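Thank you for coming, everyone. Please have a look at the structure as I put it up, and then I will walk through it with you.

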Amino acid sequence: MLHHLLEKIKEAVISVLPLSLIIIIFSLTPMFTFGTNEILVFSASTILLIIGISLFTLGADVAMRPMGEQIGSSLIKTKKIFLILFVCFVLGLLITIAEPDLSVLANQVKEAINSTLLIVTIGIGVGLFLVLAVCKIIFKIELTSLLMLFYLVVFGLTSILIANGNSAFLPLSFDSGGVTTGPITVPFIMALGVGIAMTIGGKNASENSFGLIALCSVGPILALLLLGCFSKGDVNYAIPNYEITDNFFKTFFEEIFVTMKEVSLALILIVAFFLIVNFIYIKLPKKKLIQIGIGILYTFIGLVLFLTAVKVGYMPVGFQIGKEIAEKGELILVIFAFMIGLVVVLAEPAIHVLTKQVEDLTNGSVSKRSLLIALSVGVSLSVTLSIIRIIFDFSILYYLVPGYLLSIALSFFVPKIYTAIAFDSGGVASGPLTSSFILPFAIGACFALQPVDKILLDAFGVVSMVALTPLISIQVLGFRSVLSKKVKKQIRIRKINESEDDKIIEFN
């Protein structure tokens with residue numbers, strides 16, 4: 001176990017170091033008013049972030065993935081379709097309500113919309129679409145067809161929302177699709193899909209195991225759009241307190257207990273559900289349960305440290321950096337956004353769970369390295385485009401409509417497994433670091449460039465952009481692989497033809 005932990009720490013350092021170095025180097029330049037305290041707060045938060053990611057990813061390997069796979073396979077073996085769908089709905093609802101990543105977003109918009117209403121609405125959306133995702137696996141429904149259908153519904157509701165004058169709901173609705181697939185939800189739901197798909201079997205079992213995250217990301221968008229269609233009155237927004245603490249240790253210990261409560265609720269729901277299913281159906285040996293228990297402990301400690309670090313250090317620093325760079329110049333802001341986008345996705349804890357599972361299930365044909373490069377480029381473009389939108393103050397639909405049309409169009413030309421991985425990656429890429437660093441960064445930039453009443457319309461939506469661009473970049477990766485195979489095939493045919501021509505004996 002110690003050897004695995006050291007590997008995870010090494011991975012976490014490589015992931016987080018580029019982001020932290022860029023921020024520290026920029027903070028030391030004359031353009032910032034950062035003092036020694038701000039740099040120390042950020043540095044201490046970075047160390048905790050590295051430890052947190054290491055423990056979380058180890059816990060996901062030891063506990064979360066085995067739990068999800070065991071529940072998925074045991075439920076399918078009952079062959080009771082209504083029981084399976086009911087359990088999946090309850091599971092999706094409870095995990096989403098307890099997802100700390102969603103709490104981060106809810107706390108940043110609590111002045112505009114009631115936090116409990118927001119979380120429960122999103123939870124119902126995830127629960128319903130987890131049921132739909134399981135039906136997709138059981139009945140072998142094509143993912144592209146479902147995505148086309150429901151994104152048509154999404155943009156249909158969007159037009160109704162705009163007609164009703166509630167366009168302030170738009171960026172928040174699309175952001176909700178990204179934040180719900182957070183560090184607790186992703187490992188469990190992905191493993192659940194693997195357990196169900198592998199138990200059902202078939203030649204496309206690996207491919208069918210993907211797509212759950214993609215569909216669970218659509219549910220919250222539809223749920224909040226519906227809420228917006230039926231709500232009346234203006235949505236008022238107030239900027240949360242993003243002050244950098246003067247006493248890191250005091251603030252850290254105050255925040256850690258709040259985070260422990262949030263993470264405990266999330267894990268208790270999952271563990272209780274697993275133990276009930278295990279008692280009735282799975283009946284794992286005591287040794288295996290102890291191993292899972294140790295993994296849950298690692299997950300708990302890792303998530304608490306990670307989320308506390310981003311709340312205490314990364315959120316206030318993100319806001320301050322966005323605000324100060326925007327005041328210095330729009331071009332510098334765009335360049336910085338591009339640089340941050342390249343590295344921020346590497347520090348998302350659930351990304352490492354996704355890339356490992358993709359590499360395992362595709363037997364290395366989709367490598368971790370190529371997937372991370374595609375994600376980094378996609379997220380970099382999304383953050384840059386979001387900052388450009390803040391500068392010029394236009395609707396997010398100018399990005400989302402052509403973006404989703406292009407991503408669905410690409411799905412007809414690439415291997416299906418790339419489409420499933422791409423849409424899953426979109427949800428995973430927009431994790432807690434996006435909502436707790438990139439979003440405050442965008443809010444800070446918007447605060448400096450636009451009136452306060454524009455923040456909900458212009459700054460929000462960055463999470464949905466981070467969720468969108470990987471859909472295109474990863475499918476482009478798949479498209480490139482298809483072209484590469486065709487080129488190799490043509491070269492091989494040409495060589496065969498040339499060798500056959502060489503064998504021809506000509507008589508004069």
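Let me start with two charged residues, Asp458 and Arg389, both of which are buried. Their side chains meet in a salt bridge, with 4.0 Å from N to O, and this pair links distant parts of the chain, since Asp458 sits in helix H19, residues 455–458, while Arg389 sits in helix H15, 69 residues apart. I should say at once that what you are looking at is a predicted model, and that every value I quote is computed from it.

How many salt bridges are there by this rule? The count comes to nine, and I would like to take you through two others.

One of them brings together the side chains of Lys311 and Glu255, at 3.7 Å from N to O. Lys311 belongs to helix H12, residues 286–328, and Glu255 to helix H11, residues 248–282, so this salt bridge ties together parts of the chain that are 56 residues apart in sequence. As for their surroundings, Lys311 counts as buried, at 16% relative accessibility, whereas Glu255, at 23%, counts as partly exposed.

The other lies within a single helix, where Arg65 forms a salt bridge with Asp61 and the closest N and O atoms are 3.8 Å apart. Because these two residues are four apart in helix H2, residues 36–78, about one helical turn separates them. Here Arg65 is buried, with a relative accessible area of 12%, and Asp61 is partly exposed, at 26%.

Let me move from charges to cysteines. How many disulfides does a search of the whole structure find? The search finds zero. If we take Cys135 as an example, the nearest cysteine sulfur belongs to Cys88 and is 8.5 Å away, while a disulfide would need the two sulfur atoms to be within 2.5 Å. Cys135 counts as buried, at 14% relative accessibility, and Cys446 counts as buried too, at 0%.

Turning now to the surface, I would point you to a nonpolar patch formed by Phe338, Leu342, Ile373, Val377 and Leu381, which together have about 390 Å² of accessible area. Which helices each supply at least two residues of this patch? They are helix H13, residues 330–344, and helix H15, residues 368–392, and of the contributors H15 gives the most, with three residues. Leu342, for its part, has its place in helix H13 and counts as partly exposed, at 30% relative accessibility.

Finally, a word on how far to trust the picture. The chain averages a pLDDT of 83, and 92% of the residues score at least 70. Among the elements of the chain, the lowest mean pLDDT, 69, is that of helix H9, residues 205–208, and the highest, 92, is that of helix H16, residues 397–410. Over residues 503–508 the pLDDT falls below 50, and this stretch has zero contacts in the model beyond near neighbours in sequence. Where pLDDT is low, the predicted coordinates should not be read in detail, and I would ask you to keep that caution in mind as you look through the model yourselves.

Conventions: Residues numbered from 1 in each chain as written. Predicted model: local features only at pLDDT ≥ 70, side-chain atom pairs only at ≥ 80, totals over all residues. Heavy atoms only, no water. pLDDT = per-residue confidence, 0-100. Contact = heavy atoms within 4.5 Å. Buried < 20%, exposed > 50% of the residue type's maximum accessible area, 1.4 Å probe, protein only. Patch = residues over 30% accessible without salt bridge, like charges linked within 9 Å, V, L, I, M, F, W, Y side chains within 5 Å. Areas by Shrake-Rupley, 256 points an atom, 1.4 Å probe, with all protein chains shown as cover.
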